[in-house]
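User: I have a structure open and would like to know how its labels were earned. Could you take me through them?

Analyst: Happy to. Here is the structure.

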Amino acid sequence: MKLTGKTALVTGGVRRVGRAIADALEAEGARVLVTSRSPSSDIQADLTTRDGVERLLAQLPDVDVLINSAANFIKEPFDAVTWENFDETFALNVRAPFFLSQAIGMRMRERGWGRIVNIADIAAIVPFPAYLPYSMSKSAIVGLTRGLAKALAPAVLVNAVAPGPVLPPDEFTEEQMREAVAPTLLKRTGSAEDVARAVVFLATNDYITGVTLPVDGGRLLR
């Protein structure tokens with residue numbers, strides 16, 4: 001197994017796509033640690049705060065594979081976005097991945113090997129008006145991925161996966177689901193496992209860095 005003996009950290013790895021990623025890495029032989037705000041995670045951490053990020057970093061072993069998956073998806077019409085939910089979105093979706101990647105990535109570079117995979121979104125390229133701070137935060141993740149790839153090369157490879165309509169929000173109506181699927185070429189939603197397989201591919205590849213890989217059923221080609 002390609003990741004046997006490696007330790008992987010998956011933020012937000014308790015449910016949905018994060019859980020599928022954790023399971024897929026474990027199937028490749030990695031020792032997987034997951035974080036969330038839930039007590040059911042391996043490490044309970046509130047990554048929206050500086051204290052939460054620093055506490056997490058203080059208790060981690062050496063991490064070989066970092067998956068920045070934790071994110072929030074706050075829905076607010078453009079004219080209803082508040083300072084509070086804007087800051088909450090960027091704290092978890094951008095600031096936490098930056099400082100986790102900074103600390104863990106530097107340790108990886110010192111040891112001479114590491115992989116970071118960030119979970120972006122096609123919203124980074126096709127913004128969702130009802131989720132504009134979220135879309136902006138995922139654009140920042142794409143930029144972070146490219147910058148980290150340069151900053152941590154050649155020892156640490158940094159990439160991102162950008163899911164399309166995969167596990168839409170629970171509150172989506174059938175009409176919203178149809179609207180989400182219609183622009184794709186494959187005319188269907190993807191699965192969490194589709195995203196997880198892409199993450200494993202990037203985590204085990206030795207010659208790809210700085211790339212954002214869409215897993216979107218062809219949505220970005222429309």
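**From values to labels**

Analyst: The largest pocket has a volume of about 1,300 Å³, a volume being the space filled by probe spheres set on grid points that are joined across faces, edges and corners. This is a predicted model, where local features need pLDDT of at least 70, side-chain atom pairs count only at pLDDT 80 or more, and totals for chains, interfaces and linings use all residues. Residues are numbered from 1 along each chain as its sequence is written, and side-chain values use heavy atoms, leaving out hydrogens and water.

User: What makes a residue part of the lining of the largest pocket?

Analyst: On a 1 Å grid over the protein atoms alone, a pocket is an open set of points where a 1.4 Å probe fits, with protein on both sides within 12 Å along at least five of seven lines, and a lining residue has an atom within 4 Å of a point. For the largest pocket, 48 residues line it, and Arg-16, Phe-73, Tyr-134, Leu-167 and Pro-169 lie nearest its centre. Helix 1, strand 2 (31-36), helix 4 (132-152) and helix 5 (174-181) each give two or more residues to that lining. Helices (H or I, at least four residues) and strands (E, at least two) are DSSP runs, numbered from the N terminus.

User: How do you know that Arg-19 and Asp-23 form a salt bridge?

Analyst: The label asks for a side-chain nitrogen of Lys or Arg within 4 Å of a carboxyl oxygen of Asp or Glu. Arg-19 and Asp-23 have N to O at 3.1 Å, so the pair is a salt bridge. They are four residues apart in helix 1, which means a separation of about one helical turn. By this rule the count comes to ten salt bridges.

User: Why is Arg-19 called partly exposed?

Analyst: Buried means under 20% relative accessible area, exposed over 50%, and partly exposed in between (1.4 Å probe, protein chains only). Arg-19 has 31%, so it is partly exposed. Asp-23, at 39%, is also partly exposed.

User: Which labels do Asp-206 and Arg-115 get?

Analyst: Their side chains meet in a salt bridge at 2.7 Å, N to O. The pair links distant parts of the chain, with Asp-206 in the loop between helix 6 and strand 7 and Arg-115 in strand 5, 91 residues apart. Asp-206, at 58%, counts as exposed, whereas Arg-115, at 3%, counts as buried.

User: What makes Asp-62 and Arg-111 a salt bridge?

Analyst: Their closest N and O atoms are 3.6 Å apart, so the pair meets the rule. Asp-62 lies in the loop between helix 2 (50-59) and strand 4 and Arg-111 in helix 3 (residues 83-111), so the pair ties together parts that are 49 residues apart in sequence. Asp-62, Asp-64 and Arg-111 are linked in a network of salt bridges.

User: How do you know what span is expected of helix 6?

Analyst: The expected span is 1.5 Å times one less than the number of residues. Helix 6 (residues 192-204) has 13 residues, with 18 Å expected, and it reaches 19 Å from its first C-alpha to its last, close to that value. Its buried residues include Val-195, Val-199 and Leu-202. Among the elements covering the buried residues of helix 6 are strand 5 (114-119) and strand 6 (156-163).

Notes:
Contact = heavy atoms within 4.5 Å.
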